[in-house]
Each structure stands twice: as C-alpha cells, then as structure tokens.
Amino acid sequence: MTNQLTTVYINGEHVPVESASISVFDSGFNFGDGVFEGMRVYNGRVLMLDEHIERLYNSAAAAFIEPPMTQDELKRDILTWLRANDIDHDFHFRPIITRGIRTPPRVDPRFASGPATVVVLGQAISGTPTTGINLVVSRYRRHGPDSVDSKIKSLSYLHAVLAKLDAVRRGADDAIVLDNRGCLAECSASNIFLVKNGQLTTPFAISTLDGITRNLLLELAAELGIPAREKDLTTYDVHAADEVFLCGSGAELMPVITFETQTVGDGSMGPITERLRDAYLNSLDAHGTPIAIAAGV
C-alpha cells in the first residue's frame with residue numbers, strides 16, 4: 001500500500017485527482033458555507049473516525065446543512081475510498097460538506113438548490129518534528145459563542161489563515177489567538193496546553209474548537225496520573241510555563257520552544273510533553289478504525 005492519492009471522493013464518486021472539480025456556484029466556494037474535519041491515517045487505521053464524523057454532523061446541524069447520507073454511510077464511503085487509493089499510513093484527509101450549488105450565488109441560503117456537496121480529499125503527511133516551534137501572540141481575536149460558535153468547524157477559516165500569516169510575517173511558526181477577553185483561545189489551527197509545576201492546563205472550549213486530540217490527551221493524562229484541568233489562561237501563564245505544546249490531528253503533539261522570543265523551559269521538549277506524546281502515539285491503534293473493514297476483512 002501507499003499514501004499517494006489517485007482519486008478524490010465527490011458526491012459518492014471516485015474522481016481522478018487531475019480531473020476532480022466542483023461547481024463554481026458551490027456554496028462552499030462562494031461563501032465558505034460548509035463544514036469539514038481533518039483526519040489522519042496510521043497503520044491501516046483511521047484515527048478517531050467515529051468522533052470526527054459525529055463532530056462533522058454536529059457542525060452541519062448547527063449550520064442548518066443537511067448531509068445527503070447518514071454518518072454510517074459516510075464512514076463506509078470513506079473507508080472504501082481509502083482502500084481504493086491504497087492508503088494505509090501517514091495520510092491526512094478532509095471530509096467536507098457544503099450547502100451545495102447556489103444560483104444565483106447570493107448570501108440567501110434559499111438560493112441553494114439540490115443536495116449538499118460532499119467531498120473527501122487528502123495528501124500524504126509526515127510525523128511531526130520534535131525539535132519545537134516558535135510562537136507569538138496574534139493581533140487577531142477568536143470570536144466567542146455569542147458570534148458563530150467556535151465548536152462549528154466551518155470552512156470560513158480566514159481568521160486562522162490571517163493568524164498564521166501574521167506569525168509567519170513576524171518570523172514565527174504559529175500564533176496564539178486570544179478571545180475577546182484577552183484569554184488564550186487556541187493557535188491558528190491547533191489547541192494549546194501549558195505545563196506548570198507538573199500540572200497540565202488548557203483553555204476552556206468556549207472560544208476554541210473542542211478538539212478531539214485535545215480531549216484524548218486529557219484522557220491520557222488521567223491514565224498517566226498527570227493532574228490536568230481546563231481554565232482561563234492569559235499570556236502571563238505562557239511566559240511562566242515550564243512546558244508548552246500544541247495538538248491536533250495534523251499537529252499531533254508539537255512542543256513550543258520559544259514564546260515571543262522568550263525560551264520556554266530549557267528550549268526543548270519537556271518531560272510531561274514527551275510522556276503524553278509517547279502515550280498518544282502508543283494509543284493510535286486502540287483508537288483507530290481499520291480501513292480493511294470496508295472490504296469485510
């Protein structure tokens with residue numbers, strides 16, 4: 001098997017990558033009117049498949065988008081598509097559901113006709129380096145639940161793109177985004193954890209995505225006997241932290257070695273970060289759905 005994509009899943013069809021396309025009138029293309037997930041394949045298994053698809057459908061419900069298939073049907077189609085592409089390891093993919101074709105392309109969703117558009121695409125991905133990254137604070141803010149709820153994993157990701165661009169222009173790898181109170185929300189596309197005096201903390205999932213990797217790490221911390229809790233955090237807490245790391249399906253566990261040019265800890269992956277990273281990597285098979293079940297194996 002390989003991890004190179006040959007077809008894209010579009011509305012139930014496997015379309016060759018070189019000819020894959022959707023309508024220019026699609027709601028996702030015109031308005032970012034859709035939802036998505038980021039998922040990963042390890043060792044012939046899709047990590048946290050049930051949890052990701054459930055969140056995808058919860059996001060769709062919150063956006064009043066009706067998927068044209070059940071969760072089980074989409075999971076079956078995803079596994080079949082992965083097998084058809086001979087995918088079994090080091091692969092990251094995105095199931096996307098949009099409101100469908102919208103003519104004329106205007107904001108009013110009543111112009112959307114026909115079923116929702118469903119696309120699944122992806123690309124090979126390598127393991128996350130453990131050498132660490134550099135963080136700054138973004139000048140952009142993450143909206144709160146009194147706006148568009150951050151639990152909706154929406155295609156409207158301009159806030160994340162601008163935060164990332166802000167960091168890159170300032171010579172950093174990523175940026176911490178604050179909420180409208182000045183508390184930590186998340187980074188451009190990852191959740192954040194701090195370690196201080198042996199205790200693990202992470203922001204409440206209020207102005208941040210309720211990350212699936214984040215929640216798995218909280219479970220693993222409990223199993224390892226590492227004290228962990230959610231709390232309001234500020235940039236003061238980042239400066240005072242012994243360890244900082246980011247997490248997500250794409251990021252896995254990524255240590256932070258500097259924050260606003262200040263060294264975090266001793267400038268390398270800290271011991272609790274390393275324990276959690278090892279536990280996470282060792283848990284992948286237990287939390288993965290075998291791709292082979294699509295063929296009845």
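## A walk from a nonpolar patch to two cysteines

Let's start on the surface, where Ile22, Val24, Phe25, Phe29 and Ile101 make a nonpolar patch of about 470 Å². A patch here takes residues with over 30% relative accessible area and no salt bridge, joining nonpolar side chains (Val, Leu, Ile, Met, Phe, Trp, Tyr) within 5 Å and like charges within 9 Å. The areas come from the Shrake-Rupley method with a 1.4 Å probe, and for residues only the protein chains shown count as cover. A salt bridge would be a side-chain nitrogen of Lys or Arg within 4 Å of a carboxyl oxygen of Asp or Glu.

A word on what you're looking at: this is a predicted model, where local features need pLDDT of at least 70, side-chain atom pairs count only at pLDDT 80 or more, and totals for chains, interfaces and linings use all residues. Residues are numbered from 1 along each chain as its sequence is written, and side-chain values use heavy atoms, with hydrogens and water left out.

Back to the patch. Val24 sits in the loop between β2 (13–16) and α1 (27–31); helices (H or I, at least four residues) and strands (E, at least two) are DSSP runs, numbered from the N terminus. Val24 counts as exposed because its relative accessibility is 55%, given that exposed means over 50%, buried under 20% and partly exposed in between (1.4 Å probe, protein chains only). Serine 23 belongs to the loop between β2 and α1 too, but at 27% it's partly exposed. A polar atom of the serine 23 side chain lies 2.9 Å from the backbone nitrogen of phenylalanine 25.

Asparagine 85 offers a buried counterpart, with a relative accessible area of 3%. You'll find asparagine 85 in the loop between α3 (71–84) and β6 (91–98), and a polar atom of its side chain is 2.8 Å from the backbone nitrogen of threonine 7.

Next, follow helix α5 (residues 212–224). Its 13 residues should span 18 Å at 1.5 Å a residue, and the end C-alpha atoms are indeed 18 Å apart; the expected span is 1.5 Å times one less than the number of residues. Buried residues in α5 include Leu216, Leu217 and Leu220. After α5 comes glycine 225, with a positive phi near 75 degrees.

So what about disulfides? A search of the whole structure finds zero, a disulfide being a pair of cysteine sulfur atoms within 2.5 Å. The sulfur of cysteine 187 has its closest cysteine sulfur in cysteine 247, 9.7 Å away, which is too far for a bond. Cysteine 187 is buried at 1%, and cysteine 247 is buried at 1% as well.

Notes. Polar contact = N/O pair within 3.5 Å; in protein donor to acceptor, adjacent residues only side chain to side chain.
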